Amino acid sequence: MTDPIADYLTRLRNAIKANHRVVTIPASNLKKDITKILFEKGYILNYKFIDDDRQGLIKIALKYSNTDKTCAIRSLKRVSSPGLRCYAGYKKMPRVINGLGIAIISTSKGVMTDKEAVMEKIGGEVLCYIY
């Protein structure tokens, strides 16, 4: 697999389209950090890291509304890829839907949202947009 972040987003996207409640994804430290951000921002209901002798797994419980059964995550878009890295400084940080969505940024101080990166005044690689 050449792009594990794209695989992570695709598994989430496919689970949302199939109306699954739980999705299981192979774990890595970067994927764990992205999952924690999604939970903190309210895009997923819950998560669990399962560590075994191999790579480990992430179980994610997706968040749906009770009235019309739509998922909290409307769209997932991969921005930076292994063939074309996209970087942004803190002054030119991308805004997703005028601040309603989040951009996940990989910085020298760890993985964080676009708003946190601007507050810390650091730039980094733009991984994905979520809204």
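In the predicted model, Lys32 lies over the face of Phe49, 5.3 Å from the centre of the ring. Phe49 is partly exposed, its relative accessible area being 26%. The ring of Phe49 also takes part in aromatic pairing: ring pairs join Phe39, Tyr47 and Phe49 into a cluster. Over the whole structure, 2 aromatic pairs are found. In one of them, Phe39 and Tyr47 meet edge-to-face, with 5.3 Å between centres and 75 degrees between planes. The pair of Tyr47 and Phe49 is tilted, because the planes stand at 45 degrees, with the ring centres 5.0 Å apart; an edge-to-face pair would require an angle over 60 degrees, and a stacked pair one under 30. The other two members of the cluster are likewise partly exposed, with relative accessibilities of 35% for Phe39 and 25% for Tyr47.

Tyr47 and Phe49 are both in contact with Thr35, a residue of helix H2 (residues 29–40). Thr35 is buried, at 0% relative accessibility. Beyond four places in sequence, the residues touched by Thr35 are Tyr8, Ile44, Tyr47, Phe49, Ile58 and Ile60. With Tyr8 there is in addition a polar contact between side chains, at 2.7 Å. Thr35 thus combines a relative accessibility of 0% with a side-chain polar contact to Tyr8.

Ile60, one of the residues touched by Thr35, belongs to the largest nonpolar core, which has 27 residues. Ile60 is listed with Leu12, Ile104 and Ile130 as having the most contacts inside this core. Two or more residues each are supplied by H1, strand E1 (22–26), H2, strand E3 (57–62), E6 and E8. H1 provides the largest share, 6 residues. Leu12 is in contact with Val23, Ile25, Leu38, Ile60, Leu62 and Leu76, when residues up to four places away in sequence are not counted. Another core, of 9 residues, lies apart from the largest one and includes Ala88, Met93, Ala117 and Ile122. In soluble globular proteins, nonpolar side chains tend to be buried together.

Charged side chains form 6 salt bridges in the structure as a whole. One of these joins Asp3 to Arg78, with 2.9 Å between the closest N and O atoms. Asp3 is located in the segment before helix H1 (4–17) and Arg78 in strand E4 (residues 76–78), so this bridge ties together parts of the chain 75 residues apart in sequence. Both partners are buried: Asp3 has a relative accessibility of 14%, and Arg78 one of 18%. These values fall within the buried class because the cut-off is under 20%. The side chains of Asp3 and Arg78 are also joined by a polar contact of 2.9 Å. Apart from neighbours within four places in sequence, Asp3 is in contact with Arg78, Ser81 and Pro82.

A salt bridge between Glu125 and Arg85 has its closest N and O atoms 3.0 Å apart. This pair, too, links distant parts of the chain, with Glu125 in strand E8 (residues 124–130) and Arg85 in the loop between E4 and strand E5 (87–88), 40 residues apart. The two partners fall into opposite sides of the burial cut-off, which is 20% relative accessible area: Glu125 is buried at 11%, whereas Arg85 is partly exposed at 42%. Strand E8, in which Glu125 lies, is also among the elements that give two or more residues to the largest core.

The side chains of Glu120 and Lys109 meet in a further salt bridge, with an N to O distance of 3.4 Å. Glu120 lies in helix H3 (residues 114–120) and Lys109 in the loop between strand E6 (102–107) and strand E7 (110–113), so the bridge connects parts that are 11 residues apart in sequence. Glu120 is partly exposed, with a relative accessible area of 43%. Lys109 is exposed, at 54%.

Definitions and conventions
Residues numbered from 1 in each chain as written. Predicted model: local features only at pLDDT ≥ 70, side-chain atom pairs only at ≥ 80, totals over all residues. Heavy atoms only, no water. Phe/Tyr/Trp six-rings, centres within 6.5 Å; stacked < 30°, edge-to-face > 60°. Buried < 20%, exposed > 50% of the residue type's maximum accessible area, 1.4 Å probe, protein only. Lys NZ or Arg CZ within 6 Å of the ring centre and 35° of its normal. Salt bridge = Lys/Arg side-chain N within 4 Å of Asp/Glu carboxyl O. Helix = DSSP H or I, 4+ residues; strand = E, 2+ residues; numbered from the N terminus. Polar contact = N/O pair within 3.5 Å; in protein donor to acceptor, adjacent residues only side chain to side chain. Contact = heavy atoms within 4.5 Å. Core = buried A, V, L, I, M, F, W, Y, C linked by side-chain atoms within 4.5 Å.
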